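Open your viewer, load the model and get ready to click along. At each stop you will pick something to select and then read what is there.

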Amino acid sequence: MRKFVHAVGWGVLCLAACGPLLAAPSKVVLSCAVAYLPQRSTWVREVRIDWDKKTIRSLHIDGLQPHGFSLIPQGVMTAVDNERIQIDLVTRQWQSDFRGLATGQGRCETVPG
């Protein structure tokens, strides 16, 4: 029940703050250009979010569905292939960490999906 209440509260906050990003029940697709260090490489990551009036129903990153995700005040946190990922949906920022061996940071843009 706590997760549902947290999701409802976050949803109301995000609907007010995100504007067109999550304004109505929909599928949101983000394209995130992520710069990884120390490799100094940039990868474009695709994030798909199925959203309804109260919560995020599913999340896919590069076509993979994480085993789970957690809602944070402005977005979502998850992990895929040992990469811990945090996406701020209000500022549209990606931050990630490969268990301390590499980090990623980038900006996300909404794309037609």
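The tour below goes from the whole chain to single residues.

**Stop 1: the whole chain**

Keep in mind that this is a predicted model. Show the protein as a cartoon and you can pick out one helix and eight strands. Follow the chain from its start and the helix comes before the strands, in the pattern α-β-β-β-β-β-β-β-β. Now turn on the surface: its accessible area is about 6,700 Å², and 57% of that belongs to carbon and sulfur atoms. Of the 113 residues, 37% count as buried.

**Stop 2: the sheet**

Select the strands and hide the rest. In what order do the eight strands lie in the sheet? The order is 3-2-1-8-7-6-5-4, in an open sheet with antiparallel pairing. Colour strand 3 (56-61) and strand 4 (69-72) next; these stand at the edges. Each has a single partner strand, so one side of each is left without a neighbour in the sheet. Turn the view and look for the twist, which averages 25° from one strand to the next.

For one pair in detail, select residues 83-88 and 93-97, which are strand 6 and strand 7. Five bridges link this antiparallel pair. Click R84 and look across to D97, its bridge partner in strand 7.

**Stop 3: the disulfide**

A short reminder helps here: a disulfide is a covalent bond between the sulfur atoms of two cysteines. This structure holds one disulfide. Select C32 and C108 as sticks and you will find them joined, with 2.0 Å from S to S. C32 lies in strand 1 and C108 in strand 8 (residues 103-111), so the pair ties together parts that are 76 residues apart in sequence. The torsion about the S-S bond is about 105°, so the disulfide is right-handed.

Are these two cysteines buried or exposed? C32 is buried, at 0% relative accessibility, and C108 is buried with a relative accessible area of 0%.

**Stop 4: an arginine in strand 2**

Keep C32 on display and add R45, which lies in strand 2. R45 counts as buried, because its relative accessible area is 9% and the cut-off for buried is under 20%. Which side chain makes a polar contact with the side chain of R45? Select E83 and you have the partner, at 2.9 Å. Leaving aside neighbours within four places in sequence, R45 is also in contact with other residues, among them C32, Y36, D62 and W94.

**Stop 5: the loops**

Three loop residues make good last selections. Begin with P38, in the loop between strand 1 (26-37) and strand 2 (41-51). Show the backbone from L37 to P38: this peptide bond is cis, with omega near 10°.

Move on to D62, in the loop between strand 3 and strand 4. You have met D62 already, as one of the contacts of R45. D62 has a positive phi of about 50°, although it is not a glycine. With 36% relative accessibility, D62 counts as partly exposed.

Finish at N82, in the loop between strand 5 (75-80) and strand 6. Phi of N82 is near 65°, again a positive value in a residue other than glycine.

How values were computed. Residues numbered from 1 in each chain as written. Predicted model: local features only at pLDDT ≥ 70, side-chain atom pairs only at ≥ 80, totals over all residues. Heavy atoms only, no water. Helix = DSSP H or I, 4+ residues; strand = E, 2+ residues; numbered from the N terminus. Buried < 20%, exposed > 50% of the residue type's maximum accessible area, 1.4 Å probe, protein only. Areas by Shrake-Rupley, 256 points an atom, 1.4 Å probe, with all protein chains shown as cover. Pairing = 2+ DSSP bridges. Axes fitted to C-alpha atoms, helices over the stretch in contact; angles between N-to-C directions. Disulfide = S-S within 2.5 Å. Polar contact = N/O pair within 3.5 Å; in protein donor to acceptor, adjacent residues only side chain to side chain. Contact = heavy atoms within 4.5 Å.
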